[in-house]
Amino acid sequence: MRRIKGWKAVAGVVALSLAAVACGGDDGDSASEEPAATEAPATEAPAGSEAPADGTCESTTPVKLQLQWFTQAQFAGYFAAIEEGYYAAQCLDVSIVEGGVDIVPQQQLADGAVDFALSWVPKALASREAGADIVNIAQIFQRSGTLQVSFKDKNITSPADFAGKKIGNWGYGNEFEIFAALTQAGIDPATGVELVQQQFDMAALLAGDIDAAEAMTYNEYAQVLEAVNPETGALYTADDFNVVSYEDEGVGMLQDAIWASGDRLANEEGYRDTAVKFVAASIQGWAFCRDNAQACADIVVSKGSKLGASHQLWQMNEVNKLIWPAAGGAGMIDSAAWDRTAKLAQETVNLEGSTVLTAAPDAEAYTNDIVTEALALLEGLGVDTTGEGFAPIEVTLNEGGA
Amino acid sequence: MSNAPSTRNHQVMLRRVRRMVLFVVSIVLVAAVWEIYKAVGPEAGGKIFGWKLLPRANDNAMPHVWEMLSRYTRPELRGSDRRIWSVVLAGAWFSFRLALVGFALGTTLGLGLAVLMSRFKIAERGILPYLVVSQTVPLIALAPLVVSWGGKLHVFGWEWPRWLSAAVLGGFLAFFPVAVGTLRGLQSAASASVELMDSYAASWTQTLFKLRFPAAVPFIVPSLKLAASSSVIGVVVAEISTGLKGGIGRLIIEYAREATSDPAKVFTAVFGAALLGLAMSGFVTIADLYMMRNRPKEATA
């Protein structure tokens, strides 16, 4: 008789676990909730900021923005726009969706899981060529922030010095500026250098496994400046390194931009209007961060970033340098930079013999119409959208970025 | 005669104590081997017959054991009052619940499929190959897809929460051993017993619940153990892959970013993941003890 109860116990285990579904659900929700979603009711335009023409919002439009990575100062402008109520003033209820290792923002956008996405231009154009109907509506980062960092004693001060060296690169489409620089310097990427796949940290450079490491000004470069030099016992300083900036070498490719769905821009009523408001409020957020770097770094930390305080402020400051000053107005897509990016994306051959793009992107791949309207909207609010007087701050990094 | 049970209890007690001691000793041994290698191993790694096999022994690659342990008591970020141990525990607890959800989903699906396959031979022929194929799909390829599908799901105002994607991926890994193990178990009932049930004119469901399921228990239990560890792996990988906030997988990748300057930190999260796996297998072991309590001891092996 008792033996028969065995299978009932199996059912019991399942039932027990299912009970955990219920409580796991409740708590999981609150823990995984995007910080952005918990906002004051969007209908309350904060005091001091101008509400749109009609004064108050009749209804708010929910908007989802897909980031490329976790919450960090690279995306501070969007968090600031939430915190400062800029989105709410435009009757938008913006929630920010963090990225992950295998999350491709432009794919999430093309699949309709989010309303807008951030992406580097070459990668997004590759997705567009593969059939994703996405359009660049605002070029937030006007400059490329990619560097090749090496110790002083390696004497690597320009891409020509890469010859015969071990050059670290991230792959996954992040390596094309390196290949473009090599091609420009007349070095064959296949035989002239030893290209090494690099982790997303700088341990390989510090350990001497590679001669020069790929780094973003706002992240990995700070990591080496936060590490202790075992010879001196103090932190490494900028004097210990040579830095090659791909932007300065003329092979910079456009990076963080806001992408929208081309199909919805053309066919969905109200989406284009939402896009204008979203871009305007986002730029307003970035303008706030330009003038209040410390406050913005604090906002990002309060949104759950695990990066240390000094690293966060460094990142904020470096990102500001990539955005400001913006001669044509923040978010404007400079056709020269666009063409250069598209040209490099077509001409630069990587080790596998492939290019990012096989043909020139079509004219519909970007539009300045939306950002132009957004800038006009901001003009009316008295926001400085060119940042001509922008001056970066000085940031002192602490050990481990603390 | 009368003191036989107390002697047996005594022996059981002794065995448990010995097991605990051995567990602690094994951990101390691993730590000792780690430190010994650190002391004698090559700082910059080494080659054996031209193959780079010896790991680096420097502080960056292999922090001291006490360095890692003391990291638990220090704050996660300077200026924050949350200590690492509480952050790691909270992350492990979050992932544990997701793994439990995945385990429940996977077990339910696995049992259901097994019953279906044992009932209809054609279902077994049709489904089983796909089950095998399903496990060859890499999880990291599937994770963004599930997140993307979930992001579009809105059913009567209910929005698919992101954590559910991770739980589903845990379930995706967990259902397979349950389905295969249970199927084998359901088919294991002795044909004489099945014929006896037939001679009683027992219905298919009666045979299922009175004969086949009880006979399957020794097969289901180990498959549940496999499913438990699979669901943990699924959840942690899905967290890393999709960047789900709150769990141990996300902590590992966030701490790994600081590996250059704070190498001990990432190990704290890795140990948290190990703890999570232990907790999950402990959960199943308790269930196992209950299910197998009336079986002869040989069957528990």
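Q: Which strands does helix α10 of chain A lie across?
A: In this predicted model, helix α10 (residues 271-291) of chain A lies across β1, β2, β3, β4 and β10 of chain A.

Q: And what angle does α10 make with β2(A)?
A: Helix α10 runs at about 70° to β2(A).

Q: OK, how are the strands ordered in that open sheet of chain A?
A: The order is β2-β1-β3-β10-β4, so to speak a row of five strands, and the pairing is mixed.

Q: Which ones are the edge strands?
A: Those are β2 (92-97) and β4 (134-138) of chain A, and each of them pairs on one side only.

Q: How much are neighbouring strands turned against each other?
A: On average it's 30°, ignoring direction.

Q: Back to β2(A): how many bridges join it to β1?
A: Six bridges join β2(A) to strand β1 (residues 61-66) of chain A, and the two run parallel. One pair of bridge partners is A:Leu65 and A:Ile96, with A:Ile96 sitting in β2(A).

Q: Zooming out, how many helices and strands are in chain A?
A: Chain A has 14 helices and ten strands.

Q: What share of chain A is buried?
A: Buried residues are 53% of its 402 residues.

Q: New topic: is α3(B) mostly covered or mostly uncovered?
A: Mostly covered, with 26 of the 36 residues in α3(B) buried.

Q: Why should helix α3 of chain B span 52 Å?
A: Because it has 36 residues (84-119), and at 1.5 Å a residue that should give 52 Å. The end C-alpha atoms of α3 in chain B are 52 Å apart, which agrees.

Definitions and conventions. Residues numbered from 1 in each chain as written. Chains lettered and ligands numbered in written order. Predicted model: local features only at pLDDT ≥ 70, side-chain atom pairs only at ≥ 80, totals over all residues. Helix = DSSP H or I, 4+ residues; strand = E, 2+ residues; numbered from the N terminus. Buried ≥ 20, exposed ≤ 12 C-beta atoms within 10 Å, placed from the backbone. Expected span 1.5 Å × (residues − 1). Pairing = 2+ DSSP bridges. Axes fitted to C-alpha atoms, helices over the stretch in contact; angles between N-to-C directions. Contact = placed C-beta atoms within 7 Å.
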